[in-house]
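Please look over the sequence and the fold shown here before reading on. The paragraphs that follow take up a few places in turn, and it may help to keep the view open while reading.

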Amino acid sequence: MLVYAYIRVSTEEQAEKGNSLSEQRERLTAFCKVMDWDDPIWYVDDGYSAKDTRRPEINRLLEDVKNSNKEGVIVTTKLDRLSRNLYDILSLSRFFEKYKCKYVSATESFDTSTAAGRLTLQVLGMVAEFERERNSERVRDNMVSLAAKLEDFKAISRPCFGYDIIEGLYVPNLEEKMIVQKMADQAEAGIGPRNIAKWLNKEAKVFTKEGNLWHGKVVRELLLRETLIGDFVYNKTFRVGSKVYKRPEEEWTRIPNHHEPILDREQQAKIRIIFDGRKTVGRHVSDDTYLLSGLVRCSHCNSKMNGKLNRSFSKKLNQENLRYTYTCDGYIKKGICFHHHVSRDELENLVIQRIHEVANSAPGTIQISVAKPKTATLEKETISAKLEKLDRKLQKQIEAYEDELISREDLKKAKQRVEDERKRLLEALKEIEEGYSSSDHVKVQENAKQCLSDISPMDRFKTKQAIRQVIDHIEIKNGEAVKIVWALSKSNLSLVVS
């Protein structure tokens, strides 16, 4: 009978606490002699957690069991050496049974060849999984508590691309920093994440922090990480099985101005808007049949109005008639609205005409109302962070005065500078909360004028991209009334022109 002996430790620390590989090997060797078994085949995973089966030696063991036609026994010192996940334990048990093998734990004294042994296996598996989850909860709670109390700006998580950890601090890696800034410049110029990844892999020949090739999702997530603008964020995600989910933002632990930034906040905000705009276009980005695909909405049910081609044949003219429209998707696919549509050519011509009107209009001739900024929250957070920084700066001046490092007059001047800056920031915060004034008509005009050069009947694809730089969405009511919501990416505002 073949004997497969599996031993494992998670970390060097675990080995130092008395559960070393050598000790497991000695115990299993003695156990096999007592059981009068043959010398075991050894499988050793050094430094691998038992939370799942992604371990090289356990996978080699499974391959050997599968390829052998002989009966055998798998033995470990304890059940948790095999796995701490109940589902994996039961799956492994069924796998062993399928290939004429039984599992034996030397310490817990049971084997899966009996009903009692299988019951004990399931009970111990539940306990092992419970202990692992409790340990994970304690580690997470401790890390959240530590992150919330960080006063010395120490790093408690691994660095992203662009940073190294030196003496416990996030420090920009010069070469990676230059790459990140080039990536950001390309994104700001309108180059998509996929093409940036292609440049990194083929031309720059740069790998990720883990040594892997880049792809679009990784590029997007990196350029939008708060770490790159100097903020430290912890407790942002949680894992359920193999899936990762994002927590509500109010549960995050966020420390503004935690370390030296690589990108400024304004640049990252622009990149976020550009990426969000590309998501709106979706798979229709390269199709110029409908210039406004993804932008047109039904004002009745808030569904998109997608491009639809209607065909008919004229016997009189002996030819096929093609009619392009934007039709309410809420009616076609969901049945929650009524049938209404708008002519593609009429709507697109109207939109292009309105872009010309806005670009060439005199101030005050077109009524403009300002919608809520898309990243007002981000701007408010930036101002709040600067206010906190002012408080710390003033506190340092007070401490310097108490230590007789500066005079009373110096403290008074420093306090005045802080108060002036605080007043300016509070006014800016109030402006964000109350909305922007109609004077932003000039900014709308600038954006529209810049896009006019790209609007051409000879290049519909380029026109489609230009329209997306100035328009957030278009609302259609009863197939007739049109409301254009203008998006100003440079200052991140949306303006409604009725």
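Which are the buried residues of helix α8, which spans residues 193–204? In this predicted model, they are Pro193, Ile196, Ala197, Trp199 and Leu200. Around the axis of the helix these residues cover an arc of only 155 degrees, and they therefore sit on the same side of α8. The other side of α8 carries Arg194, Lys202 and Glu203, which are exposed. Just after α8 comes lysine 205, whose phi is positive, at about 55 degrees.

With that helix as a starting point, the whole chain can be considered. The protein chain has 498 residues, of which 41% count as buried, and its secondary structure comes to 16 helices and 19 strands. Among the contacts in the chain with a separation of 6 or more, 62% are accounted for by residues that lie 24 or more positions apart.

Helix α12, made up of residues 344–360, can be read in a similar way. It has 17 residues and reaches 25 Å from its first C-alpha to its last, which is close to the 24 Å expected at 1.5 Å a residue. The buried residues of α12 are Arg344, Leu347, Glu348, Val351, Ile352, Arg354, Ile355, Val358 and Ala359. Seen down the axis of α12, these buried residues fall within an arc of 155 degrees, so they line one face of the helix. The face turned away from that buried side carries Glu346, Asn349 and Asn360, which are exposed.

The next step is to see how helices meet one another. Two packed helices are described by the angle between their axes and by the distance between those axes. For helix α7 (residues 174–188) and helix α9 (residues 216–223), the axes come within 11 Å and cross at roughly 100 degrees. Since angles from 65 to 115 degrees count as roughly perpendicular, that makes α7 roughly perpendicular to α9. On the α7 side of this contact are Val180, Met183, Ala184 and Ala187, and they meet Val219, Leu222 and Leu223 in α9. By class, the residues of this contact divide into seven nonpolar, no polar and no charged.

A second pair of helices is arranged in another way, with helix α15 (residues 441–452) packing against helix α16 (residues 460–470) at an angle of about 175 degrees, their axes 9 Å apart. Because angles over 145 degrees count as roughly antiparallel, α15 and α16 are roughly antiparallel to each other. Here Asn447, Ala448 and Cys451 in α15 meet Ala466, Gln469 and Val470 in α16. The contact of α15 with α16 has four nonpolar, two polar and no charged residues.

Single residues can be followed in the same careful manner, beginning with leucine 28, which has its place in helix α2 (residues 21–34). Leucine 28 is buried, with a relative accessible area of 0%. Leaving aside residues up to four places away in sequence, leucine 28 touches Ala5, Tyr6, Ile7, Trp42, Val75, Thr76, Thr77 and Ala106. One of these partners, tyrosine 6, is 22 residues apart from leucine 28 in sequence, and the two are 9.0 Å apart in space from C-alpha to C-alpha.

Is threonine 227, in turn, buried or exposed? This residue lies in the loop between α9 and β8 (232–234), and at 13% relative accessibility threonine 227 counts as buried, because the cut-off for buried is under 20%. Not counting residues up to four places away in sequence, threonine 227 touches Cys160, Tyr163 and His259.

Two asparagines in loops complete the tour. Asparagine 257 is found in the loop between β11 (253–255) and α10 (265–281), and its phi is positive, at about 55 degrees, although this residue is not a glycine. With a relative accessible area of 27%, asparagine 257 is partly exposed. Asparagine 478 is found in the loop between β17 (471–477) and β18 (481–488), and its phi is near 60 degrees, a positive value in a residue other than glycine. Asparagine 478 has a relative accessible area of 43% and is partly exposed.

How values were computed: Residues numbered from 1 in each chain as written. Predicted model: local features only at pLDDT ≥ 70, side-chain atom pairs only at ≥ 80, totals over all residues. Heavy atoms only, no water. Axes fitted to C-alpha atoms, helices over the stretch in contact; angles between N-to-C directions. Helix = DSSP H or I, 4+ residues; strand = E, 2+ residues; numbered from the N terminus. Parallel < 35°, antiparallel > 145°, perpendicular 65-115°, else oblique. Contact = heavy atoms within 4.5 Å. Nonpolar A, V, L, I, M, F, W, Y, C, P; charged D, E, K, R; others polar. Expected span 1.5 Å × (residues − 1). Buried < 20%, exposed > 50% of the residue type's maximum accessible area, 1.4 Å probe, protein only. Arc of directions from axis to C-beta.
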